[in-house]
Amino acid sequence: MTDRPRIGLTTYYKEAAWGVWRRPAAIVPAVYVEGVAAAGGMPLLLPPVGSDTSVLDVLDGLVLIGGADVDATQYAATPHASTAPEPVRDAPELALARAALERGVPLLAICRGVQVLNVALGGTLDQHLPDRLGHTAYQPSPGVFGEVTFRTEPGSRIAEVLGPEAASPCYHHQGVDRVADGLVVTARSADGVVQALEPADSPGWAVGVQFHPEENPADRRLFHALVHQATTRPRTATHRRGQSHLGDGHQEAMSRSAAEEERSTV
């Protein structure tokens with residue numbers, strides 16, 4: 001029997017319905033689970049309540065899924081009228097993002113996930129892109145995905161997977177504003193919106209995308225890339241203990257951001 005790499009997926013934590021019940025639940029859209037499974041991984045769901053970074057000890061890879069807005073207070077901003085956070089997810093996901101980079105755990109951060117990645121390292125978000133762009137093409141109407149075409153940076157991880165240009169479904173009204181120290185932009189759309197971020201000096205594989213690759217089952221290249229990296233990643237004692245393998249600059253950026261978050265919650 002093949003030992004499938006264990007891929008953690010963060011989850012929503014909100015009211016859901018099943019059978020005769022309608023109650024709070026930890027849930028994840030099936031397309032994420034199917035994307036990981038189709039690529040050869042074993043999906044493991046990580047609820048925001050009760051999960052912490054020690055779970056990375058038993059994971060081979062991590063997907064930060066999409067969802068609600070990151071609370072603006074996490075990056076010292078005043079909330080926009082349109083910002084709709086799900087605060088219970090913020091602290092555990094910010095911690096998981098930092099820890100995954102520190103430990104070299106392969107990471108795919110999708111939509112909200114790339115925003116979490118940026119905020120985790122000290123970056124900020126544009127809370128309502130239509131104010132700047134003058135259109136709502138990235139979120140045409142409730143429950144309707146848009147489509148974005150973007151160009152990737154030569155030599156980047158995302159370019160290795162998707163090539164110089166690609167298109168994908170999208171659904172978001174926020175985006176990356178100030179890019180965190182330690183991250184680099186590796187894809188943009190024609191209007192200048194950041195479509196992908198990657199760590200500048202992390203030895204582990206990590207890609208954050210603003211779009212929704214899970215919504216296109218005909219193109220699961222990013223999921224295959226994640227599972228491949230999870231399969232080939234060495235599982236050593238230092239990984240189990242959580243020892244960092246990042247460069248000093250990247251480590252300092254994460255330490256500053258973690259300290260700022262701690263001060264903001266006191």
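Buried means under 20% relative accessible area, exposed over 50%, and partly exposed in between (1.4 Å probe, protein chains only). The model used here is predicted: local features need pLDDT of at least 70, side-chain atom pairs count only at pLDDT 80 or more, and totals for chains, interfaces and linings use all residues. Residues are numbered from 1 along each chain as its sequence is written, and side-chain values use heavy atoms, with hydrogens and water left out.

**Exercise 1. Confidence**

Task: State the mean pLDDT of the chain, and find where pLDDT stays under 50.

Solution:
- Start with the term: pLDDT is the predictor's confidence in each residue, from 0 to 100.
- The chain has a mean pLDDT of 91. In it, 87% of residues reach 70 or more.
- Residues 237-249 stay under 50. The model gives this stretch 26 contacts beyond four places in sequence (contact: heavy atoms within 4.5 Å).
- Residues 261-266 are also below 50. That stretch has 4 contacts beyond near neighbours in sequence.

**Exercise 2. Helix 3 and its surroundings**

Task: Decide how many residues of helix 3 are buried, then examine the residues beside the helix.

Solution:
- Helices (H or I, at least four residues) and strands (E, at least two) are DSSP runs, numbered from the N terminus.
- Helix 3 covers residues 112-120. Of its 9 residues, 9 are buried. Among them are Arg112, Gln115 and Asn118.
- Cysteine 111 sits in the loop between strand 6 and helix 3. Its phi is positive, about 55 degrees, although it is not a glycine. At a relative accessible area of 5%, cysteine 111 is buried.
- Glycine 122, just after helix 3, has a positive phi of about 105 degrees.
- Now take alanine 76, in the loop between strand 5 and helix 2. Its phi is also positive, near 55 degrees. Alanine 76, however, is exposed, with a relative accessible area of 77%.

**Exercise 3. Salt bridges**

Task: Which residue forms a salt bridge with arginine 112? Classify both partners as buried or exposed, then work through two further pairs.

Solution:
- A salt bridge is a side-chain nitrogen of Lys or Arg within 4 Å of a carboxyl oxygen of Asp or Glu. The whole structure holds 12 of them.
- The partner of arginine 112 is aspartate 90, with the closest N and O atoms 2.9 Å apart. Helix 3 supplies the arginine and helix 2 (residues 87-103) the aspartate, 22 residues apart.
- Arginine 112 counts as buried because its relative accessibility is 1%. Aspartate 90 counts as buried because its value is 2%.
- Glutamate 165 pairs with arginine 151, again with 2.9 Å between the closest N and O atoms. Glutamate 165 is in strand 9 (residues 165-170) and arginine 151 in strand 8 (residues 146-152), so the pair ties together parts 14 residues apart in sequence. At 44% relative accessibility, glutamate 165 is partly exposed.
- Arginine 221 and aspartate 219 meet at 2.8 Å, N to O. Arginine 221 is partly exposed at 36%, while aspartate 219 is buried at 19%.
- Shared partners join Lys14, Glu86, Arg89, Asp90, Glu93 and Arg112 into one network.

**Exercise 4. The sheet**

Task: In what order do the 9 strands of the open sheet run, and which helices pack on the sheet?

Solution:
- Two strands pair if DSSP finds at least two bridges between them.
- The order is 4-1-5-6-13-12-11-8-9, with mixed pairing. Strand 4 (42-46) and strand 9 are the edge strands, each pairing on one side only.
- Strands 8 and 9 run antiparallel, joined by 6 bridges. Glutamate 147 stands opposite proline 169 in strand 9.
- Helix 1 (residues 30-38) packs on the sheet, touching strands 1, 4, 5 and 6. Helix 6 (residues 221-232) packs on the sheet too, touching strands 1, 5, 6 and 13.

**Exercise 5. The nonpolar cores**

Task: Which residues have the most contacts inside the largest nonpolar core?

Solution:
- A nonpolar core is a set of buried Ala, Val, Leu, Ile, Met, Phe, Trp, Tyr and Cys residues joined through side-chain atoms within 4.5 Å.
- The largest has 34 residues, and Val63 and Phe211 have the most contacts inside it.
- Helix 6 gives the largest share, 6 residues.
- Leaving out residues up to four places away in sequence, valine 63 touches residues including Ile7, Val36, Leu108 and Leu226.
- Another core, of 31 residues, lies apart; Val70, Val116, Val176 and Val194 are among them.

How values were computed
Axes fitted to C-alpha atoms, helices over the stretch in contact; angles between N-to-C directions.
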